[in-house]
Each structure stands twice: as structure tokens, then as C-alpha cells.
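Dear colleague,

Please find the structure we spoke about just below, together with its sequence. I would suggest opening it in a viewer while you read the notes that follow.

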Amino acid sequence: MFCGAVDIESIGNDGFFLAVPIGNFPFHHDGAHEVTPAHIQQMVDNFNNSGVDCLVDIDHESLWFSTKAAGWVTELEARENGLYAKYPDFTPNTEQAIKDREYRYFSPVYILESIDKQGNNVGAKFDSLALTNRPYFD
């Protein structure tokens, strides 16, 4: 799994933000990797085929502890420079925390070689999105 970050204030006029950029990340703390346009399309396809909204949590807690939702991503789009996510539908407590500037960054979690419940490799998957203050991507 790979994580990065995006400034919450970088939301576009259409309500979408760049969640996962296309590029080569040789010094990522979870290992060197490259995100390609094919990965981005696989993330969108897997999301659309899942029928489940994408969890937004706090500080990646769903990777180790609770899956309590801070909000939900309901739309993803593949664009020329990466994966775009629609601004999440947040819980009231999370909306207040963002307004109070307790959190400033989004940090995506994605898997480039994901296995489905039947054991099939389905390619890249957008796993979750976290609110955090310690981003990987600048």
C-alpha cells in the first residue's frame, strides 16, 4: 500500500482534487514505485465495480485500528495527470475539525497489485483516503 498527501485547500472549481498523481516515486517510504495512466484507470474501474463508497478516515487509522468513517468519497475520475476524487461527504464532527484547521491534508492509500475476494489480481485499487497533517507528497 502506498500513501501520499494533498492540501485540502487545493480543491478545484468542479469539486475534485488530484488524489493520486501519475509519476515515478523512487523514495516512497513504502517502496519505490511508478503510477501509470493504466493504474489510474484500474483504480476508477475497480471503484466503480465495487458498489461501495471509499472510506475517509483520520490519520490512516483504518489501516491498523478502527474503520470509523470521517467521511466518504463517492466519485473518482481518471484524468491526464492522475486520479481525481470528488471532495468527500464528511461527518459533522469532521467538517468542524477541518473548519477549525485541525487537519490540513488528504493522504490517499492505493494498492498497485490488488487481489479481489476470489483471489484474482484486479490491478490497481484506491483503498482509502485519510485526513492527516504529516503528508508524503509535497
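E75 is partly exposed, with 34% of relative accessible area, and this residue forms a salt bridge with K86 in which the closest N and O atoms are 3.5 Å apart. Please keep in mind from the start that this is a predicted model. K86 belongs to strand β9, whereas E75 sits in the loop between β7 (71-73) and β8, so the salt bridge ties together parts that are 11 residues apart in sequence. K86, like its partner, counts as partly exposed, here at 31% relative accessibility.

In general, side chains of opposite charge can pair when their charged atoms come close. The count of salt bridges in this model comes to three, and the other two involve R79. With D14, R79 forms a salt bridge whose closest N and O atoms are 2.7 Å apart; this pair links distant parts of the chain, since R79 is in strand β8 and D14 is in the loop between β2 (6-7) and β3, 65 residues apart. With E77, R79 meets in a salt bridge of 2.9 Å, taken from N to O. D14, E77 and R79 are thus linked in a network of salt bridges. How exposed are its members? R79 has a relative accessible area of 28% and is partly exposed, D14 is partly exposed at 42%, and E77 is partly exposed at 28%.

Strands β8 and β9 come up again in the sheet. An open sheet is formed by three strands in the order β3-β9-β8, and their pairing is antiparallel. Which strands stand at the edges of this sheet? They are β3 (16-21) and β8 (76-79), each of which has a single partner strand, so that one side of each is left without a neighbour in the sheet. On average, neighbouring strands here are turned by 35° against each other, if direction is ignored. Between β8 and β9 (residues 82-86) the antiparallel pairing runs over four bridges, and within it A78 stands opposite L83 of β9. Helix α1 (residues 37-50) packs on the sheet, where it touches β3, β8 and β9, and its direction makes about 160° with that of β8.

L83 also leads us to the interior. In soluble globular proteins, nonpolar side chains tend to be buried together. The largest nonpolar core of this model has 28 residues, and those with the most contacts inside it are V20, M43, L76, L83, F126 and L131. At least two residues of this core come from each of β3, α1, β6 (54-58), β9, α2 (92-99), β11 (105-115) and β12 (121-132). If residues up to four places away in sequence are not counted, L83 touches several others, among them F17, V20, I40, M43, L76 and F126.

Finally, please look at helix α2, whose buried residues are T94, A97 and I98. Seen down the helix axis, these buried residues fall within an arc of 100°, so they line one face of α2. What covers them includes β10 (89-90) and β12, while the face turned away from the buried side carries the exposed residues P92, N93 and K99. Just after α2, R101 takes a positive phi of about 60°.

With best wishes

Methods:
Residues numbered from 1 in each chain as written. Predicted model: local features only at pLDDT ≥ 70, side-chain atom pairs only at ≥ 80, totals over all residues. Heavy atoms only, no water. Pairing = 2+ DSSP bridges. Axes fitted to C-alpha atoms, helices over the stretch in contact; angles between N-to-C directions. Contact = heavy atoms within 4.5 Å. Salt bridge = Lys/Arg side-chain N within 4 Å of Asp/Glu carboxyl O. Buried < 20%, exposed > 50% of the residue type's maximum accessible area, 1.4 Å probe, protein only. Core = buried A, V, L, I, M, F, W, Y, C linked by side-chain atoms within 4.5 Å. Arc of directions from axis to C-beta.
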